[in-house]
Amino acid sequence: MRIVLASVAACGAQHMMDNPAGPLQGGRYPSPRYVTQKQDNFDPSNTNKWSQAYYVNDTFWKPGSDAPIFLCVGGEGPPIDGSAVVDSVHCNIAVEWLQEKQALMFALEHRYYGCHNMSACPVSEFTGTESLKYLSVDQAIADISGFVDAMNRQYKLTSSNKWISWGGSYPGMTAGWARLKLPHKIHASVASSAPVHAKLDMAEYNDHVAFAFTVSDNDVGGSTECRDAIREGHRQIETMFETPAGVAQVEEAFGEPKGSLSTKEAQMNFAGYGAAQFPAQSNDPACTQPGCNIKSICKIMLDTNTGNELQRLAALRKVQGGGTKLKDSSLPDFWFYQTCTEFGFYQTCEKNSSCMFARLVDVDSQVGPCEQYGISKAQVEENIARTNAKYGGLNPTGPDGKTPGTCVMYPNGEVDPWMTLSVLKAPSASIPVMFVPGASHHAWTHPSAPTDQESVVSARKMIRKQVEKLLEQDCTETRSILV
């Protein structure tokens, strides 16, 4: 999730909730279809409609059967397209189960994150904050409700066709909440890597990044020595930033233009989120590029032949390409708007934390830009409180916001910083959880590969086993069956 301008270097910005998209392979994915939705699901006086994109995989579906219906929920990650029901990072754990279950699968694009296709967007143009007024998780869940009704009619589905919602990251949050708030429509959900507890100051994120670099097993390849080397390199940068001469030395060491790190903001963006890229949520043990994962980063950071810890950081940044520049977008920053109106999730790095980067990032610097929407820090805190009150935070609730929710599974990966605000301890037998050792952000939803960690392979099996139990169960009851 990103809360700075899209032109800022990736190694000097907040982390997006989901991971970047890979290249798409054209020509073998289904084309979009469209369902008519209300622009505002909660204002009867607003009669405006829009077309929401969705995709279908009915390869194994037999009309009239009692097979389940899989719904892949879209969100702020890579855009939903036809690959979502064939082979993508979104919900492939469900895709790969279609043949066995003879299931029908849909992927539903999000009302705003789908605006890369403006013909499938609830507004015709983005001219100011007013055009963002229909962007909320409440609206997205209401869209899911309308979509389920439409597909039930179109495909002549019955109560025997149980809907299972799937998603990872923000779509995982939405998928789980859709089940909780629409139990009469969504039978159960797998909410992977879903940080459902909204919070203003998410110091936990960078604290957990530091922890992730100590994880050694499951082919992660970290160590406490590696974490300490990264931390020491950033402490040296902190000290050097205290004087103009030191700033100049940092610029020289990292090959940055003279004077480019002269401001506090520039220093924060350069080293407050890491002077190089430190993938934890996106860690891929199978990656072979230099400095692309925890294991290869630690190899560089522990190589004393390169020099001291600061010099190793500079070497790491260099092999990574000096920080990947993000493409500018003509669309507004939808996710940042939602952090202001619903979630917070501002990732700080301050003294007295476990953050291993330069301790230059406080919450005020992150929440301040919400003022562009006329939203103060106090209002952000009120919005966060409302989200937790409505959805229950770490104790997910049903439609009334009070009764404990049921039939949502929360899997989380060990090195994923977002797990710190997810459901890690089952509030009841009705809300099962899963811990996946060594795994990154919903790694098990990605297409299966020979290089997958054993823990990820096992997680897919256990998740499917849990869903089998849920399909056998009356999810209107308050009990559940754990694997």
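I164 has A188 as its bridge partner in β6. That pairing belongs to a parallel match between strand β5 (residues 163-168) and strand β6 (residues 188-192). The two strands share 5 bridges. All of this is read from a predicted model.

Step back to the whole sheet. It has 8 strands and is open. The order across it is β1-β2-β4-β3-β5-β6-β9-β10. The pairing is mixed, although β5 and β6 run in the parallel sense. Which strands form the edges? They are β1 (33-38) and β10 (433-436), and each of them pairs on one side only. Neighbouring strands are turned against each other by 25° on average, with direction ignored.

Now add the helices. Helix α4 (residues 170-181) packs on the sheet. Its contacts are with β3, β5, β6 and β9 (408-413). The direction of α4 makes about 155° with that of β5. Helix α3 lies across β1, β2 (49-57), β3, β4 and β5. It runs at about 125° to β1. Both β3 and β5 are thus listed for α3 and for α4.

Helix α3 also takes part in a salt bridge. D143 pairs with R111, and the closest N and O atoms are 2.7 Å apart. D143 sits in α3 (residues 137-154), while R111 is in the loop between β4 (104-108) and α3. The partners are 32 residues apart, so the bridge links distant parts of the chain. Are these two residues buried or exposed? D143 is buried, and R111 is buried as well.

A search of the whole structure gives 17 salt bridges. Another of them joins E238 to R235, with closest N and O atoms 3.2 Å apart. Here the partners belong to one helix, α6 (residues 224-240). They are separated by about one helical turn, because they stand 3 residues apart in α6. E238 has a relative accessibility of 11%, so it counts as buried. R235 is buried too, at 16% relative accessible area.

The side chains of D452 and R460 meet in a further salt bridge, at 2.9 Å from N to O. Its two ends differ in burial. D452 counts as partly exposed because its relative accessibility is 22%, and the cut-off for buried is under 20%. R460 is buried, with 4% relative accessible area. Salt bridges with shared partners also build a network, made up of R235, E238, K351 and R359.

Next come the covalent links. A disulfide is a covalent bond between the sulfur atoms of two cysteines. The structure holds 7 disulfides. One of them joins C72 and C91, whose sulfur atoms are 2.1 Å apart. The torsion about this S-S bond is about 80°, so the disulfide is right-handed. C72 lies in strand β3 (residues 69-73), and C91 lies in the loop between β3 and α1 (92-95). The pair therefore ties together parts that are 19 residues apart in sequence. Both cysteines, C72 and C91, are buried.

A second example is the disulfide of C287 and C292, with sulfur atoms 2.0 Å apart. Which hand does the link of C287 and C292 have? It is left-handed, because the torsion about the S-S bond is about -135°. C287 counts as partly exposed, since its relative accessibility is 27%.

C349 and C355 form another disulfide, again with sulfur atoms 2.0 Å apart. The angle about the S-S bond is -100°, and the link of C349 and C355 is left-handed. Both of these cysteines are buried.

The tour ends with a helix pair. Two packed helices are described by the angle between their axes and the distance between the axes. Take helix α11 (residues 334-343) and helix α13 (residues 377-391). Their axes come within 6 Å and cross at roughly 70°. Angles from 65 to 115 degrees count as roughly perpendicular, so α11 is roughly perpendicular to α13. Which residues make the contact? From α11 they are T339, C340, T341, E342 and F343. From α13 they are V380, N383, I384 and T387.

How values were computed
Residues are numbered from 1 along each chain as its sequence is written. Side-chain values use heavy atoms; hydrogens and water are left out. A salt bridge is a side-chain nitrogen of Lys or Arg within 4 Å of a carboxyl oxygen of Asp or Glu. Helices (H or I, at least four residues) and strands (E, at least two) are DSSP runs, numbered from the N terminus. Buried means under 20% relative accessible area, exposed over 50%, partly exposed in between (1.4 Å probe, protein chains only). A disulfide is a pair of cysteine sulfur atoms within 2.5 Å. Two strands pair if DSSP finds at least two bridges between them. Axes are lines fitted to C-alpha atoms, for helices over the stretch in contact, and angles run from 0 to 180 degrees between N-to-C directions. Contact means heavy atoms within 4.5 Å. Angles under 35 degrees count as roughly parallel, over 145 as roughly antiparallel, 65 to 115 as roughly perpendicular and the rest as oblique.
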